[in-house]
Amino acid sequence: EREGREIKRGQYHTGYSLLFGHKHDKTRQEREREMVNIRRARASDLIRMQDTNLSCLPENYHLKYYLYHMTTWPQLLHVAEDDDGRIVGYVLAKMEDEEGVDLHGHITSLAVLRSHRKLGIASKVMRCAEYNMREVYEAGYLSLHVRETNKAAIHLYTQTLAFNNDKRDPKYYADGEDAFFMK
């Protein structure tokens, strides 16, 4: 009994849950997971998406590139937004319909703020983009490039999202690093 009320197992009281008779405070990850909303991006999100990109990745894009994606493939841009309206993650994607190549989706950029990693946000926004690539545009497959030194991203793509390493693109990035091209 606390504060004059009996608390039964599994009930919540002052931010704690009682689990098998012991106090159990929610972890940071549990709290942050509850506070993130995954949704389609809006034009008003583009500057905040760019800010997230600038704080996470060495490959940065001009605002007009985000706007081009938004106006051309609006169903393929998704954001993870926290309760304060901060964009904590996003996916920027497009369709590739080059001659001689099957119609397919391509992930241009995926970023999640360091404070919100390991919460499943990257896989969730990726799955949203993938769903729309297949359902709206009838994409045959998805592709992406990833730095060969980005072990966390490679693990996400191969182990969680079932991408396969198709080939190595030498000196793909502006700094000369090679990329893996994955499908």
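**Sheet architecture and the setting of glutamate 81**

In this predicted model, strands S9 and S10 (residues 179–182) form an antiparallel pair over 4 bridges. Within this region, arginine 168 sits opposite phenylalanine 180 of S10.

The pair belongs to an open sheet of 7 strands. The strand order is S4-S5-S6-S7-S8-S10-S9, and the pairing is mixed. Strand S4 (36–40) and strand S9 (165–169) lie at the edges. Each has a single partner strand, so one side of each is left without a neighbour in the sheet. From one strand to the next, the twist averages 25°.

Helices pack on this sheet. Helix H3 (residues 63–72) touches strand S6 (87–96) and strand S7 (104–112). The direction of H3 makes about 65° with that of S6. Helix H4 (residues 121–137) lies across S4, strand S5 (78–82), S6, S7 and strand S8 (142–147). The angle between H4 and S6 is about 30°.

Strand S5 holds glutamate 81. The relative accessibility of glutamate 81 is 14%. Buried means under 20%, so glutamate 81 counts as buried. The side chain of glutamate 81 makes a polar contact of 3.2 Å with that of arginine 39. Leaving aside residues up to four places away in sequence, glutamate 81 touches Met35, Val36, Asn37, Arg39, Arg48, Arg86 and Ile87.

Definitions and conventions. Residues numbered from 1 in each chain as written. Predicted model: local features only at pLDDT ≥ 70, side-chain atom pairs only at ≥ 80, totals over all residues. Heavy atoms only, no water. Pairing = 2+ DSSP bridges. Helix = DSSP H or I, 4+ residues; strand = E, 2+ residues; numbered from the N terminus. Axes fitted to C-alpha atoms, helices over the stretch in contact; angles between N-to-C directions. Contact = heavy atoms within 4.5 Å. Buried < 20%, exposed > 50% of the residue type's maximum accessible area, 1.4 Å probe, protein only. Polar contact = N/O pair within 3.5 Å; in protein donor to acceptor, adjacent residues only side chain to side chain.
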